[in-house]
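Biologist: I'd like to go through this one with you, helices first and then the holes. Can you pull it up?

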Amino acid sequence: MKKYKTFLSSDEITNIHVVEWIPEVQPIGIVQIIHGMVEYIERYDAFARFLNQAGFLVVGHDHLGHGQSVRSVEDWGYITEFSPARTLIRDIHKLRKETSKAYPDLPYYIAGHSMGSYLLRRYLTHKGSGLAGAIIIGTGSESDITVRSGLMLVRATAKAKGWRFRSPKIQNMTYNPSYKSFDTTRTDVNNSWVCSDPEIMKAYYSDPRCSFTFTTSGFEALLTTVLFDNQKKNIDMIPKTLPILITSGAQDPVGGLGKGVKNVYQQYVKAGITDIECKLYPDMRHEILNEPGKQEVYEDILDWITRHKQ
């Protein structure tokens, strides 16, 4: 069963759209999903229903500027002018607090995909305590120099054009050399970097909720979070005993075709995190929860959660 509700965003003006997937049995745990950039939470319906069958309650929300968490479609891709990344993090925590209050005795896991994985990594530095585990999906790693250069362009563009400006130049800047063998023009459904399933990509490309261009505000939120995640002082704040699973497609350009994913794993190991696993799926691209063979991914994640159930 699905239940819909809202809460007031930390921007204090927008109602955040929330979906709860409720199992038919008494829940044995909670999994909160943080979705990625330029998509929305109901794209995780199949995965949520799979977890429901195992007895887990699943909850997630559309970020500011995404899905139904907008006041009009002109807001797609716009977060907020002031501290957009922190606003997204506060909304993630609001949903966790609200859900935990309703189910105080259940173990609580958070899974983040793509931009959601970067937000989750940032979230863990201050709010990781009390979680039963974190699942980082489709993440990556860029050098500080690269990210700072991108931020300079975003902020210069915002100064000239405003925080709602949509820049194709900034959009194209995000495609590093790992993308070169894939289509980035949204025309070839058989060679998309997002997913190798052409039916998934036909639906993705035809969906206006997955077709807008991020604003400068959106890129400010993303890039400041990527930079934050890469700092040793921040990684060192993640609870050392928090169970973490890092998983991705080995053909995912967001993760540098596996290189960036392994780098994140090594950063966490060096930080002294004691319960951490990393798994790459050899033939999968960015959306491993939608790839052919996704059932294996679903079952691996469920197995990891079950092994860490408190």
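What follows is a chat about a predicted model, taking its helices, pockets and cavities in turn.

Biologist: Let's start with H4. What span is expected for it at 1.5 Å a residue?

Modeller: H4 covers residues 144-161, so 18 residues, and the expected span is 1.5 Å times one less than that number. From first C-alpha to last, the helix reaches 25 Å. That is close to the expected 26 Å.

Biologist: Where do the buried residues of H4 sit around the axis?

Modeller: The buried ones are Val147, Gly150, Leu151, Val154, Thr157 and Ala158. They cover an arc of only 130° around the axis, so they end up together. An α-helix has 3.6 residues a turn, so residues three or four places apart point the same way. For the buried residues of H4, that arc puts them on the same side of the helix.

Biologist: And which helices do those buried residues pack against?

Modeller: Turned away from the buried side of H4 are the exposed residues Ile145, Met152, Lys159 and Ala160. The buried residues have helix partners instead: H5 (168-173) and H7 (216-229).

Biologist: Now H9. How far apart are its end C-alpha atoms?

Modeller: H9 runs over residues 259-270, which makes 12 residues. At 1.5 Å a residue it should span 16 Å, and the model agrees, with the end C-alpha atoms 16 Å apart.

Biologist: Which residues of H9 are exposed on the side away from its buried ones?

Modeller: Buried in H9 are Gly260, Val261, Val264, Gln267 and Tyr268. They fall within an arc of 120° seen down the axis, so they line one face of the helix. That face packs against H3 (115-127), S6 (133-137), H8, S7 (244-249) and S8 (276-281). On the other side, the exposed residues are Lys259, Lys262 and Lys270.

Biologist: H8 came up there. Is Asn234 in it buried or exposed?

Modeller: Asn234 lies in H8, residues 232-235. Leaving aside neighbours within four places in sequence, Asn234 is in contact with Thr125 and Phe228. Its relative accessibility is 7%, and the cut-off is under 20%, so Asn234 counts as buried.

Biologist: On to the open spaces. Which helix gives the most to the lining of the largest pocket?

Modeller: That pocket holds about 870 Å³ of space. Of the 40 lining residues, the closest to its centre are Met37, Gln171, Thr174, Tyr175 and Tyr179. H3, H4, H5, H6 (198-206) and H7 each supply at least two residues of the lining. The one giving the most, with 4 residues, is H7.

Biologist: How many charged residues are in the lining of the second largest pocket?

Modeller: The second largest pocket has about 190 Å³ of space. Among its lining residues are Arg86, Arg90, Arg122 and Lys127, along with Phe228. H2 (84-102) and H3 each supply at least two of the lining residues. By class, the lining divides into 3 nonpolar, 2 polar and, as charged residues, 4.

Biologist: Last one: how much space lies in the largest cavity?

Modeller: The structure holds 3 cavities of 30 Å³ or more. The largest is lined by Glu39, Arg43, Tyr44, His113, Glu287, Ile288, Leu289 and Asn290. That lining has 3 nonpolar, 2 polar and 3 charged residues. The space in this largest cavity is about 60 Å³.

Key:
Residues numbered from 1 in each chain as written. Predicted model: local features only at pLDDT ≥ 70, side-chain atom pairs only at ≥ 80, totals over all residues. Heavy atoms only, no water. Buried < 20%, exposed > 50% of the residue type's maximum accessible area, 1.4 Å probe, protein only. Contact = heavy atoms within 4.5 Å. 1 Å grid on protein atoms, 1.4 Å probe; cavity = no way out; pocket = protein on both sides within 12 Å on 5 of 7 lines; lining within 4 Å. Points joined across faces, edges and corners; volume = space filled by probe spheres on them. Nonpolar A, V, L, I, M, F, W, Y, C, P; charged D, E, K, R; others polar. Arc of directions from axis to C-beta.
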